[in-house]
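Okay, thanks for squeezing me in. I'll put the structure up, and then we'll walk through a strand and a helix.

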Amino acid sequence: MPAITPHDGPVAVTGCSGFTGGHMVRELAIHGYDVRACIRDANSWRGKDCVQYLERLPGVTIVDGCDLFTPGSYDDAFKGCAGVFHVAAVLGNSADGKSQPLGSGDVSTDVYNGGIAGTQNVIDAVNGSGSVKRMVYTSSMAAVSGARGATVPQGYEWTETDWSSDGVPEERWQHPRNAYARSKVDTERLINDAADASGGAWDAITMNPAMICGPILFKAQVGQWIEQIGRLAGGMEPNWPSRYDMFYNIIDVRDLVKAHRLAAESSVDHRATRGGPRYVMHGSGGRSAMRFGTEVAEVIHEYFPSFALGEPATVTSKGDPITIESRTLNDCKKAKSVLGATIRPVEDTIRAVVESSVELGIITPKINA
């Protein structure tokens, strides 16, 4: 199997102004790789913030103008590279017609096309490079569980053999609310088919993380789950994807990017493993689901007892109580046994989110009277 080492030449990372992408560059750089950090627009506020941080890392070259919606925009970045870490994605909270200037502005359309059309552009650049021998793709637990959580038995444990499309009626699966899950499922299969069609020139490995949290490296990374933990610690009500209480399934970004690197460096025949060349990254510290308004809040209070915390809503606008339950279990068993991945306690992850949010001035704690 085409394992990668720092001696094989540079590697490229897509989506470097994002949370996982920025951490992926850092992980590779501190382990001796020459990294080509691909970003869409180095002159945007996100790009400038990202570049200011990444340029401080050793062996990092910024490659500007890499846009998922632009064919050929990754060609130069991938030439001579031994590996590609494809982290870039269009997320529901960024498909607003502004963050993705070449998108349609429709959330579900841009989320899906950012996966399929965008990844086809990445695949074309891999095939055209003549040098890339492995792609590691950041998929999601949305491709594993997705809308199936309410249909499986209590205590069901998700594994790499699960696909979120399994047994879901086509009409429901095609609904716009499933655009992200469909994107991840179809993109995984697109990448695997392309790797097979390469005739052994390159192979592909997929990582399937849950809610990615951890320390914030630069302000442009703020969004999604880390933003909501910060809001809770800053005495504010959560606002994405809603203000209501829910379960969090956390994976630490530092553990996730380490697992990406270990997968790239592994000589294991990933396709021959159970579930194929994909790895669930879920269930930090053995805790696969934590209720945001109680368990996550309790961890924040333990480390920051003087903070006045925010609270998610527990009743609807009509005054009806919100009923939520966690039916499934998750663990990184395969990643730990096959790759040697390590998973830190989830308390460390939550603490790192809050500390970095305060340090970067993203939140200003409200101190209890």
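So, which residues point one way from strand 4, and which the other way? Keep in mind that this is a predicted model. Strand 4 covers residues 83-86. Gly83 and Phe85 go one way, while Val84 and His86 go the other. That fits the usual pattern, because side chains in a regular strand alternate between the two faces of the sheet. And are these residues buried or exposed? All of them are buried, whichever way they point.

Now the neighbours. Strand 1, residues 11-13, runs parallel to strand 4, and three bridges join them. One pairing to look for there is Val11 with Gly83. Strand 5, residues 134-138, is also parallel to strand 4, with four bridges between them. Here Val84 has Met135 as its bridge partner.

Okay, over to helix 9, residues 292-303. With 12 residues at 1.5 Å a residue, the helix should span 16 Å, and its end C-alpha atoms are indeed 16 Å apart, so the two agree.

Which residues of helix 9 are buried? They're Phe292, Val296, Ala297, Val299 and Ile300. Look down the helix axis and those buried residues fall within an arc of 155°, so they line one face of helix 9. What do they pack against? You've got helix 7 (224-233), strand 9 (247-248), strand 12 (290-291) and helix 11 (346-359). Flip to the face turned away from that buried side, and you'll find Glu298 and Glu302, both exposed.

That's my bit, happy to rotate the view if anyone wants.

Terms used. Residues are numbered from 1 along each chain as its sequence is written. This is a predicted model: local features need pLDDT of at least 70, side-chain atom pairs count only at pLDDT 80 or more; totals for chains, interfaces and linings use all residues. Side-chain values use heavy atoms; hydrogens and water are left out. Buried means under 20% relative accessible area, exposed over 50%, partly exposed in between (1.4 Å probe, protein chains only). Helices (H or I, at least four residues) and strands (E, at least two) are DSSP runs, numbered from the N terminus. Two strands pair if DSSP finds at least two bridges between them. The expected span of a helix is 1.5 Å times one less than its number of residues. The arc is that of the directions from the helix axis to the C-beta atoms. Contact means heavy atoms within 4.5 Å.
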